[in-house]
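Student: Could we go through this one together? I'd like to start with the overall fold and then get to the charged side chains.
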Amino acid sequence: MKWLLVGLMVAATVASDLLQSHQMKRAGVQSVGARGLWSILRLIARRRFLILAVGCMAISFFSFMALVEREPLSFAVPASASSFVVETVLARFVLGEQISVRRAAGSVLVLIGVVLVGE
Amino acid sequence: MRVYAVLVFFIALKAAGNLSLAWGMKHLAHPATTNPVDYVLAMLSPFVALGVVLLIVSLLARMALLSYADLTFILPVTAVGYVIAAFLGKFFLHEHVSAARWAGTVLIFGGAALVSATPHATTPVAGSGEEA
């Protein structure tokens with residue numbers, strides 16, 4: 001059961017972030033003022049892939065809650081960090097982002113750090 | 001420069017939201033049990049409600065960031081939130097932070113600093129007419 005929840009959480013997180021990144025870059029630069037945030041809300045309501053992204057986010061959140069209920073946080077946090085690796089690889093091949101040596105090295109340090117934080 | 005200002009805004013909002021939520025949940029007049037209704041009622045607590053609102057706004061701010069910065073830039077840089085959470089947990093909620101957790105926060109900070117020194121966008125951004 002716990003690995004099913006981890007798989008569901010990671011898949012939902014990855015899908016949500018990839019969809020958000022793809023859709024938001026296509027939508028153009030958004031601001032964080034009151035008008036900008038309202039415009040993002042309207043964007044979510046108009047774009048079905050953003051609605052799907054929000055749905056995936058909800059699945060990820062409730063999978064994490066269910067995981068935390070059954071397993072210690074020291075397992076749940078590092079397990080959730082595995083989405084970080086999958087997202088980085090898919091961002092390269094699906095979104096076409098360029099991952100330099102410096103960015104890759106920094107991401108590996110952050111990943112080890114997140115796993116330690118969950119100890 | 002804007003991307004860093006919005007990053008700070010997002011990280012601060014998320015940290016404040018999590019702190020408010022954690023504080024509110026730990027100081028409920030009627031502590032939540034496993035009954036889902038308790039969690040809905042907890043939303044009526046001012047600190048829990050404030051936490052939820054701050055977290056929703058932080059989510060929208062992150063979406064704004066994604067409109068002009070790479071996912072592989074935002075993910076590691078915003079992990080600095082773990083460092084802030086450790087400090088807030090220790091100083092405001094008096095939580096125990098182990099040596100391993102402090103070591104993890106240092107690594108996150110170092111990794112985020114490395115990534116933040118890379119270009120924030122490597123794919124075309126709609127409306128900017130260039131690769132930012």
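Tutor: We can take the fold of chain A and then turn to the salt bridges. Please keep in mind that this is a predicted model.

Student: Sure. How many helices and strands are there in chain A?
Tutor: Chain A has five helices and zero strands, and its C-alpha trace spans about 40 × 35 × 25 Å along the principal axes.

Student: And what share of chain A is buried?
Tutor: Of its 119 residues, 44% count as buried, while the area that chain A exposes is about 6200 Å², with carbon and sulfur atoms supplying 70% of it.

Student: Switching to charges, how many salt bridges turn up over all chains?
Tutor: The search of the whole structure finds three. One of them pairs B:R62 with A:D17, whose closest N and O atoms are 3.0 Å apart. Because B:R62 lies in helix α3 of chain B and A:D17 in helix α1 of chain A, this pair joins two chains.

Student: Are those two buried or exposed?
Tutor: Both B:R62 and A:D17 are buried.

Student: What does B:D70 pair with, then?
Tutor: B:D70 meets A:K25 in a salt bridge at 2.5 Å, N to O, and this pair crosses from the loop between α3 and α4 of chain B to helix α1 of chain A. A:R103 also forms a salt bridge with B:D70, at 3.0 Å between the closest N and O atoms, and shared partners join A:K25, A:R103 and B:D70 into one network.

Student: Why does B:D70 count as buried?
Tutor: Its relative accessible area is 0%, and buried means under 20%. A:K25 at 7% and A:R103 at 1% count as buried too.

Notes: Residues are numbered from 1 along each chain as its sequence is written. Chains are lettered from A and ligands numbered from 1 in the order in which they are written. This is a predicted model: local features need pLDDT of at least 70, side-chain atom pairs count only at pLDDT 80 or more; totals for chains, interfaces and linings use all residues. Side-chain values use heavy atoms; hydrogens and water are left out. Helices (H or I, at least four residues) and strands (E, at least two) are DSSP runs, numbered from the N terminus. Buried means under 20% relative accessible area, exposed over 50%, partly exposed in between (1.4 Å probe, protein chains only). Accessible areas come from the Shrake-Rupley method with a 1.4 Å probe; for residues, only the protein chains shown count as cover. A salt bridge is a side-chain nitrogen of Lys or Arg within 4 Å of a carboxyl oxygen of Asp or Glu.
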